Amino acid sequence: MEPGAAELYDQALLGILQHVGNVQDFLRVLFGFLYRKTDFYRLLRHPSDRMGFPPGAAQALVLQVFKTFDRMARQDDEKRRKELEEKVRRKEEEAATAVAAATAEREPVPAPVQEVEVDSTADSGGPQEPPGPQGAEQEVAHRSGEAEPPGTDAGAAEVPRRPPALPK
């Protein structure tokens, strides 16, 4: 039968199937038709017979057609299964991406470990010693000197220190 020709009979066969109500009765109608109106069940007994099939040929023909459509049905099932698995995999990936995005939005920005104050008015002419006990006093004096008027003693304490010379 030509591809596409089967659709010509679909309406008639569907009508029969709906009328009988189940596949088993539909097959009974179909094989009953072959029995009553064709030589499908007639056996060739003599080489001179012009109607019928050799013994076992009709059964082999039905089995061959059944296996053809059974194979097509298994291929369709496998194709649907793969498509479903692919669809599920894509949904899982989308869900994982959404969860990752939501998690990234909820993560708080970490607080700074240490704040460093930079004095932009200080002389940056070279390396400065870290404040020790004496440097701390000078720093306190420097900060308190900002509020005092110019020419007082607090300004005199602010002498830049040079690092000691390294031996050569």
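Arginine 90 is partly exposed in the predicted model, with a relative accessibility of 42%. This residue forms a salt bridge with glutamate 86, in which the closest N and O atoms are 3.7 Å apart. Both arginine 90 and glutamate 86 belong to helix α3, and their separation of 4 residues corresponds to about one turn of the helix. Glutamate 86 also forms a salt bridge with arginine 89, here with a distance of 2.3 Å between the closest N and O atoms. Arginine 89 and glutamate 86 are separated by about one helical turn because they lie 3 residues apart in helix α3. The relative accessible area is 35% for arginine 89, which is therefore partly exposed. Glutamate 86, at 31%, likewise counts as partly exposed.

A further salt bridge in helix α3 joins the side chains of aspartate 77 and arginine 80, with an N to O distance of 2.7 Å. Helix α3 covers residues 57-106, and the two partners are 3 residues apart within α3, again about one turn of the helix. Aspartate 77 has a relative accessible area of 34% and is thus partly exposed. The pair is part of a network of salt bridges that links Asp70, Arg74, Asp77 and Arg80. Over the whole structure, the search returned 9 salt bridges.

The geometry of the helices before α3 was examined next. Helix α1 comprises the 15 residues 6-20, for which a rise of 1.5 Å a residue gives an expected span of 21 Å; the C-alpha atoms at its ends are 20 Å apart, in agreement with that value. Helix α1 nevertheless contains a kink of about 30°, centred on alanine 12. Glycine 21 follows α1 and has a positive phi, near 95°. Asparagine 22 then caps the N-terminal end of α2, placing a side-chain oxygen 3.2 Å from the backbone nitrogen of glutamine 24. Helix α2 (residues 23-37) also has 15 residues, so that at 1.5 Å a residue a span of 21 Å is expected; the distance between its end C-alpha atoms is 21 Å, which agrees.

At the level of the whole chain, the secondary structure consists of 5 helices and 0 strands. The order of elements from the N terminus is accordingly α-α-α-α-α. The protein chain has 168 residues, of which 5% count as buried. Among contacts with a sequence separation of 6 or more, 15% involve residues 24 or more positions apart.

Confidence was assessed for the chain and for its elements. The mean pLDDT of the protein chain is 80, and 74% of the residues score at least 70. Among the elements, α2 has the highest mean pLDDT, at 96, whereas the lowest mean, 52, belongs to helix α4 (residues 133-145).

How values were computed
Residues numbered from 1 in each chain as written. Heavy atoms only, no water. Helix = DSSP H or I, 4+ residues; strand = E, 2+ residues; numbered from the N terminus. Expected span 1.5 Å × (residues − 1). Polar contact = N/O pair within 3.5 Å; in protein donor to acceptor, adjacent residues only side chain to side chain. Salt bridge = Lys/Arg side-chain N within 4 Å of Asp/Glu carboxyl O. Buried < 20%, exposed > 50% of the residue type's maximum accessible area, 1.4 Å probe, protein only. Bend = angle between axes of the 7 residues up to and from the residue. pLDDT = per-residue confidence, 0-100. Contact = heavy atoms within 4.5 Å.
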